[in-house]
Every structure is written in structure tokens, then in C-alpha cells.
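Please look through the structure below with its sequence at hand, and follow a walk from the ligand site outwards to single residues of the chain.

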Amino acid sequence: MSVHNENIKKISTKALLEMKDKGEKISMLTAYDYSMASIIDQAGMDVILVGDSAGNVMAGYSSTIPVTLDQMIYHAQCVVRGVKRAHVVIDMPFGSYQCDESEAVRAAVRIIKESGADSVKIEGGEEFAGTIKKIINAGVPVMGHLGLMPQSINKYGSYALRAKDDAEAQKLISDAHKLQDIGCYSLVLEKIPAVLAKQVAESLDIPVIGIGAGGGVDGQVLVMHDMLGINNGFSPKFLRKYANLFDEITKAVGSYISDVKSSSFPNESEQY
Ligand code: KIV
């Protein structure tokens with residue numbers, strides 16, 4: 001489906017709320033650069049997330065911890081230039097909102113002002129409610145993120161399923177309601193039991209987007225490199241691979257190498 005024409009309407013936070021009300025599932029995928037964002041947008045994606053997973057899939061870090069605010073703004077600018085319709089949400093990276101509320105507001109404002117993106121996403125519940133409220137009051141819509149929060153990997157010690165026990169599940173439910181009450185327009189739930197995610201989604205008015213959180217939520221998000229099979233070393237249970245670009249690219253690049261070596265590229269018609 002091509003959705004690029006002059007009358008394209010940008011997907012707003014209000015439109016996402018309306019999708020939940022209508023029972024229309026929300027599609028969300030990450031992107032980090034102009035070309036892929038443009039393809040994903042033209043394919044009809046509702047939300048494009050410039051995730052700090054850029055640290056893993058673009059920069060090759062083993063976690064999202066080292067990603068900087070300037071790096072997120074750079075990726076956000078690239079993506080925004082390629083998008084006409086999708087709602088574009090940018091992850092606030094580790095260190096940009098945890099230390100000081102004013103610094104957090106400044107960081108969120110920089111992201112929106114310098115990239116032209118539509119909103120930001122923040123990992124954390126009750127403990128960041130004050131900060132998130134100030135960012136929303138400054139005019140920046142915020143998507144919350146609970147469950148597995150990769151920026152807290154050093155606290156958890158692993159990327160295992162979260163909220164398995166009752167205490168953590170109860171805290172997650174309370175955090176989700178807190179985020180809705182302070183004005184978050186949406187919420188990501190990562191890697192938690194499907195039953196819990198469904199319960200949260202059904203009890204909230206705002207759309208809940210899941211990753212590894214089952215089908216009972218209002219939409220799904222995946223990391224683009226994972227679902228396209230670019231990143232062939234990552235196969236968690238929740239991931240459905242829609243392509244095997246690792247093999248496709250390896251094959252194409254291998255053919256190019258052998259054509260260069262054999263002098264079959266370029267041929268007569270490929271030169272001036
Ligand atoms: O950074 C990211 O890509 C994310 C998704 C996994 C939700 O936060």
C-alpha cells in the first residue's frame with residue numbers, strides 16, 4: 001500500500017487514541033535512517049519509533065546505555081525527513097532524563113525542536129512521574145515504557161521476562177495507571193506475561209503497544225533489524241521474522257564481489 005500523496009494526514013496522538021477506541025490495532029516499528037523510514041512510512045506504518053535500540057543495531061553496542069542525546073537527535077532528524085504520515089516517536093536516551101527534571105525537559109524540547117518529531121518515549125514508572133509531567137506540560141507528548149526497560153539492564157542483570165511475580169506485576173499495573181493519569185498518550189509494555197499485558201490494556205483508555213507482551217494489547221512494536229532478519233543472532237520467542245535479509249544481503253554482496261573479481265561487472269551497458 002502506498003500512502004504518499006499531497007493529501008497525507010499525519011497520525012497524531014489523538015488519532016492513536018481513536019484507533020484504540022475503534023478497536024483498530026496500531027502498527028509500530030523502529031527506524032533509524034531516512035531511507036528505511038521512508039519505505040516503512042510508504043508501507044503504511046502507523047508509528048515509527050526511533051528507538052535507542054539504535055545503540056545495538058546501528059552502533060553495535062551491547063546495550064542501549066551508551067547512546068547519547070545528540071545521537072538520538074541525529075537519527076530522529078534522518079527519520080523525520082523520510083516520513084510523511086506515521087507518528088514519529090523518539091526514545092529519550094539513558095542519562096537524558098534520570099538526573100534532573102529541568103535537564104530532562106530541555107532534552108525533550110531539543111529532540112522535538114531539532115528533529116521535528118512528534119513525541120518522545122521514556123522508560124520508567126512512578127519514580128519518573130514528576131519529570132514526565134513536566135515534559136508533557138512543556139508541550140511534548142510522552143509515550144511511557146514499562147516491563148523490560150533495557151536502560152535498566154545493569155539493575156536487572158538480564159533481559160529476562162519481567163513482572164512474573166505478583167509484587168512486580170502489581171507495581172507495573174500501578175505505574176501504568178500513574179502514567180495515564182499524568183497525561184502519557186500511550187504506553188509500551190515490553191516482555192511481560194500476555195495475561196498481565198491484556199489486563200493493563202483493558203483497564204487503560206490510552207493505547208498500549210506490546211513487544212513480547214502477547215496479542216491482548218492495542219498494537220505491536222518490533223525492532224526493524226530483528227523482524228527483517230538483518231540481525232541473525234537474535235531469535236527470542238516473541239519475534240516473528242518477516243524476511244531473512246541477512247541471507248539476502250550476504251548473497252547479493254557475494255554476487256557483487258564475484259562479478260568484480262571476474263570482471264563481469266561492469267559490462268558494456270553499464271559504462272559511459
Ligand atoms: O529502543 C527500542 O527499540 C524500543 C523498543 C524495543 C520498544 O524501545
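The paragraphs that follow take up the ligand and its surroundings, then several residues in strands and loops.

The model is a predicted one, and the ligand is a convenient place to begin reading it. The residues that surround the ligand are T30, L49, G51, D52, S53, D91, K121, H145, E190, I211 and V223. Three members of this set place a side-chain N or O atom at a stated distance from a ligand oxygen: for S53 the separation is 2.5 Å, for K121 it is 2.9 Å, and for D52 it is 3.0 Å. On its own the ligand has 260 Å² of accessible area, and the protein covers 96% of that area. The space that the ligand takes up is the largest pocket.

E190, one of the residues around the ligand, also belongs to strand β6, which spans residues 186-190, and this strand gives a way into the protein interior. L189 lies in β6 as well, and because its relative accessible area is 0%, L189 is buried. Beyond residues up to four places away in sequence, L189 touches L146, L172, A197, V200, V208, I209, G210, I211 and A213. I211, which is in this list of contacts, is also one of the residues surrounding the ligand. By contrast with these contacts, the C-alpha atom of L189 is separated by 47 Å from that of D259, a residue 70 places away along the chain.

After β6 the chain enters the loop that leads to α9 (194-203), and K191 is located in that loop. Although K191 is not a glycine, its phi is positive, at about 50°; its relative accessibility is 21%, so K191 counts as partly exposed. A163 likewise has a positive phi without being a glycine, here of about 55°, and its place is in the loop between α7 (153-156) and α8 (166-181). Is A163 buried or exposed? With a relative accessibility of 3%, A163 counts as buried.

Further along the chain, β7 (208-211) and β8 (219-222) are joined by a loop that holds D218. Why does D218 count as buried? Its relative accessibility is 14%, which falls under the 20% cut-off, and D218 therefore counts as buried. The side chain of D218 makes a polar contact, at 2.8 Å, with the side chain of K20. When neighbours within four places in sequence are left aside, D218 is in contact with K20, E24, K25, I26, A201, I206, P207 and V208. V208 is thus listed among the contacts of D218 and is also touched by L189.

The last part of the walk concerns the loop between α10 (224-227) and α11, where F234 is found. F234 has a relative accessibility of 34% and so counts as partly exposed. Apart from neighbours within four places in sequence, F234 is in contact with D226, L239 and K241. Between F234 and S27, which are 207 residues apart along the chain, the C-alpha separation is 21 Å. Helix α11 covers residues 245-261, and P266 is found in the segment after it. The peptide bond from F265 to P266 is cis, with an omega near -5°.

Methods. Residues numbered from 1 in each chain as written. Predicted model: local features only at pLDDT ≥ 70, side-chain atom pairs only at ≥ 80, totals over all residues. Heavy atoms only, no water. Helix = DSSP H or I, 4+ residues; strand = E, 2+ residues; numbered from the N terminus. Buried < 20%, exposed > 50% of the residue type's maximum accessible area, 1.4 Å probe, protein only. Polar contact = N/O pair within 3.5 Å; in protein donor to acceptor, adjacent residues only side chain to side chain. Contact = heavy atoms within 4.5 Å. Near = heavy atom within 4 Å. Areas by Shrake-Rupley, 256 points an atom, 1.4 Å probe, with all protein chains shown as cover. 1 Å grid on protein atoms, 1.4 Å probe; cavity = no way out; pocket = protein on both sides within 12 Å on 5 of 7 lines; lining within 4 Å. Sits in = over half its atoms within 2 Å of the grid points.
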